[in-house]
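Student: I would like a close look at a single part of this model, the group of aromatic side chains that come together, and at how that part relates to what lies around it. Please take it slowly and give the criteria as you go.

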Amino acid sequence: QVQLIESGGGLVQAGGSLRLSCAPSGRTFSSYDMGWFRQAPEEEREFVAAIRWSGGRTYYADSVKGRFTISRDNAKNTVYLQMNSLKPEDTAVYHCAAGSFSDYTPTQRYSQYYRYSYWGQGTQVTVSS
(Lines give C-alpha, C1' and ligand atoms only; values in the text may rest on other atoms or scores of the structure.)
Protein backbone atom coordinates (compact mmCIF):
# COMPACT_ATOMS: atom_id res chain seq x y z
CA GLN A 1 0.00 0.00 0.00
CA VAL A 2 1.35 3.38 -1.03
CA GLN A 3 0.79 6.27 1.34
CA LEU A 4 1.43 9.73 -0.01
CA ILE A 5 2.46 12.57 2.26
CA GLU A 6 2.22 16.18 1.13
CA SER A 7 4.05 19.11 2.66
CA GLY A 8 4.86 22.73 1.91
CA GLY A 9 1.46 24.34 2.20
CA GLY A 10 0.86 27.54 4.12
CA LEU A 11 -0.37 31.11 4.05
CA VAL A 12 1.01 33.43 1.38
CA GLN A 13 0.06 36.79 -0.06
CA ALA A 14 -1.24 37.12 -3.59
CA GLY A 15 1.65 37.16 -6.02
CA GLY A 16 3.78 34.99 -3.78
CA SER A 17 5.13 31.48 -4.26
CA LEU A 18 5.03 28.11 -2.55
CA ARG A 19 6.54 24.74 -3.36
CA LEU A 20 4.61 21.64 -2.43
CA SER A 21 6.26 18.27 -2.03
CA CYS A 22 4.81 14.79 -2.09
CA ALA A 23 6.68 11.75 -0.91
CA PRO A 24 5.33 8.23 -0.59
CA SER A 25 5.94 5.87 2.25
CA GLY A 26 5.76 2.13 2.05
CA ARG A 27 7.24 1.70 -1.41
CA THR A 28 8.97 3.47 -4.24
CA PHE A 29 6.78 5.36 -6.63
CA SER A 30 9.20 5.86 -9.54
CA SER A 31 7.01 3.73 -11.81
CA TYR A 32 3.83 5.69 -11.04
CA ASP A 33 2.43 8.67 -12.84
CA MET A 34 1.68 11.47 -10.40
CA GLY A 35 -0.93 14.17 -10.20
CA TRP A 36 -1.87 17.16 -8.09
CA PHE A 37 -5.49 18.01 -7.41
CA ARG A 38 -7.05 20.66 -5.21
CA GLN A 39 -10.33 21.11 -3.45
CA ALA A 40 -11.74 24.30 -2.02
CA PRO A 41 -14.56 24.26 0.54
CA GLU A 42 -17.87 23.28 -1.02
CA GLU A 43 -16.17 22.84 -4.39
CA GLU A 44 -15.47 19.75 -6.42
CA ARG A 45 -12.01 18.28 -6.64
CA GLU A 46 -10.11 20.02 -9.42
CA PHE A 47 -7.19 18.80 -11.50
CA VAL A 48 -4.06 20.93 -11.26
CA ALA A 49 -1.16 19.10 -12.91
CA ALA A 50 0.22 15.66 -13.73
CA ILE A 51 3.54 14.16 -14.70
CA ARG A 52 4.45 10.83 -16.28
CA TRP A 53 6.58 8.39 -14.31
CA SER A 54 9.66 9.31 -16.37
CA GLY A 55 9.08 13.04 -16.00
CA GLY A 56 9.01 13.27 -19.76
CA ARG A 57 5.47 14.61 -20.09
CA THR A 58 3.54 17.09 -18.01
CA TYR A 59 -0.06 18.24 -18.09
CA TYR A 60 -1.66 21.33 -16.59
CA ALA A 61 -5.07 22.81 -15.99
CA ASP A 62 -5.60 25.99 -17.98
CA SER A 63 -6.09 27.92 -14.74
CA VAL A 64 -2.50 27.26 -13.60
CA LYS A 65 -0.64 27.00 -16.89
CA GLY A 66 2.33 29.36 -16.92
CA ARG A 67 2.25 29.81 -13.14
CA PHE A 68 2.66 26.28 -11.73
CA THR A 69 5.32 23.70 -12.55
CA ILE A 70 5.18 20.02 -11.69
CA SER A 71 8.40 18.06 -11.47
CA ARG A 72 9.76 14.93 -9.88
CA ASP A 73 13.02 13.54 -8.59
CA ASN A 74 12.79 9.77 -8.69
CA ALA A 75 16.12 9.41 -6.90
CA LYS A 76 14.57 11.27 -3.96
CA ASN A 77 11.20 9.62 -4.44
CA THR A 78 9.53 13.03 -4.43
CA VAL A 79 7.22 15.01 -6.69
CA TYR A 80 6.97 18.79 -6.49
CA LEU A 81 4.51 21.49 -7.40
CA GLN A 82 6.12 24.92 -7.72
CA MET A 83 3.41 27.55 -7.51
CA ASN A 84 4.20 31.11 -8.55
CA SER A 85 2.07 34.22 -8.95
CA LEU A 86 -0.46 32.79 -6.55
CA LYS A 87 -3.98 34.16 -6.56
CA PRO A 88 -6.69 34.04 -3.87
CA GLU A 89 -8.63 31.62 -6.07
CA ASP A 90 -5.76 29.13 -5.69
CA THR A 91 -6.76 28.68 -2.05
CA ALA A 92 -7.58 25.03 -1.47
CA VAL A 93 -6.37 21.78 0.03
CA TYR A 94 -3.85 20.31 -2.40
CA HIS A 95 -3.61 16.54 -2.75
CA CYS A 96 -1.10 14.47 -4.62
CA ALA A 97 -2.15 11.23 -6.25
CA ALA A 98 -0.47 8.25 -7.90
CA GLY A 99 -1.76 6.29 -10.85
CA SER A 100 -0.68 4.26 -13.84
CA PHE A 101 -1.18 5.40 -17.39
CA SER A 102 0.35 4.46 -20.70
CA ASP A 103 1.98 6.29 -23.57
CA TYR A 104 -1.38 6.07 -25.37
CA THR A 105 -3.52 7.50 -22.59
CA PRO A 106 -5.58 10.42 -23.86
CA THR A 107 -4.55 13.66 -22.22
CA GLN A 108 -7.96 14.28 -20.71
CA ARG A 109 -7.70 11.16 -18.55
CA TYR A 110 -4.92 12.67 -16.47
CA SER A 111 -7.43 15.18 -15.14
CA GLN A 112 -9.92 12.53 -14.03
CA TYR A 113 -9.35 11.94 -10.33
CA TYR A 114 -10.98 8.48 -10.30
CA ARG A 115 -8.17 7.13 -12.49
CA TYR A 116 -5.67 7.58 -9.66
CA SER A 117 -5.23 4.77 -7.18
CA TYR A 118 -3.46 6.38 -4.23
CA TRP A 119 -4.02 9.70 -2.50
CA GLY A 120 -2.48 11.82 0.19
CA GLN A 121 -4.32 13.61 2.97
CA GLY A 122 -3.56 17.00 1.50
CA THR A 123 -1.87 20.23 2.50
CA GLN A 124 -3.67 23.56 2.93
CA VAL A 125 -2.71 26.48 0.70
CA THR A 126 -4.21 29.84 1.57
CA VAL A 127 -3.59 32.91 -0.57
CA SER A 128 -4.58 36.25 0.92
CA SER A 129 -5.50 39.25 -1.19
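Tutor: Phe 37, Phe 47, Tyr 59, Phe 101, Tyr 110, Tyr 116 and Trp 119 form one aromatic cluster, where rings of Phe, Tyr and Trp (its six-membered ring) are taken to pair if their centres lie within 6.5 Å, with planes under 30 degrees apart counted as stacked, over 60 as edge-to-face and the rest as tilted. The model is predicted, and for that reason local features need pLDDT of at least 70 and side-chain atom pairs count only at pLDDT 80 or more, while totals for chains, interfaces and linings use all residues. Residues are numbered from 1 along each chain as its sequence is written, and side-chain values use heavy atoms, with hydrogens and water left out.

By the ring criterion the count comes to nine aromatic pairs. In one of them, the ring centres of Phe 37 and Tyr 116 are 5.2 Å apart and the planes stand at 80°, so this pair is edge-to-face. Phe 37 belongs to strand β4 and Tyr 116 to strand β10, and the pair thus links distant parts of the chain, 79 residues apart; strands here are DSSP runs (E, at least two residues), as helices are (H or I, at least four), numbered from the N terminus. Phe 37 is buried, at a relative accessible area of 1%, and Tyr 116 is buried as well, at 5%, where buried means under 20% relative accessible area, exposed over 50% and partly exposed in between (1.4 Å probe, protein chains only).

Tyr 59 and Tyr 110 make a stacked pair, with 4.1 Å from centre to centre and 15° between the planes. Because Tyr 59 lies in strand β6 (residues 58-60) and Tyr 110 in the loop between β9 and β10, this pair ties together parts that are 51 residues apart in sequence. Tyr 59 counts as buried at 11% relative accessibility, and Tyr 110 is buried with a relative accessible area of 1%.

A charged side chain also meets this group, since Arg 45 lies over the face of Trp 119, at 4.6 Å from the ring centre. Arg 45 likewise lies over the face of Tyr 113, at 4.4 Å from the ring centre; the criterion is that NZ of Lys or CZ of Arg is within 6 Å of the ring centre and within 35 degrees of the ring normal.

Turning to the surroundings, the largest nonpolar core has 35 residues, of which Met 34, Trp 36, Leu 81, Met 83 and Tyr 94 touch the most other members; such a core is a set of buried Ala, Val, Leu, Ile, Met, Phe, Trp, Tyr and Cys residues joined through side-chain atoms within 4.5 Å. Among the elements that give two or more residues to this core are β4 (33-39), β5 (46-51), β9 (92-99) and β10 (116-119).

The structure also holds one disulfide, a disulfide being a pair of cysteine sulfur atoms within 2.5 Å. It joins Cys 22 to Cys 96, with 1.9 Å from S to S, and with 55° about the S-S bond the link is right-handed. Cys 22 lies in strand β3 and Cys 96 in strand β9, so this link ties together parts that are 74 residues apart in sequence, and both cysteines are buried.
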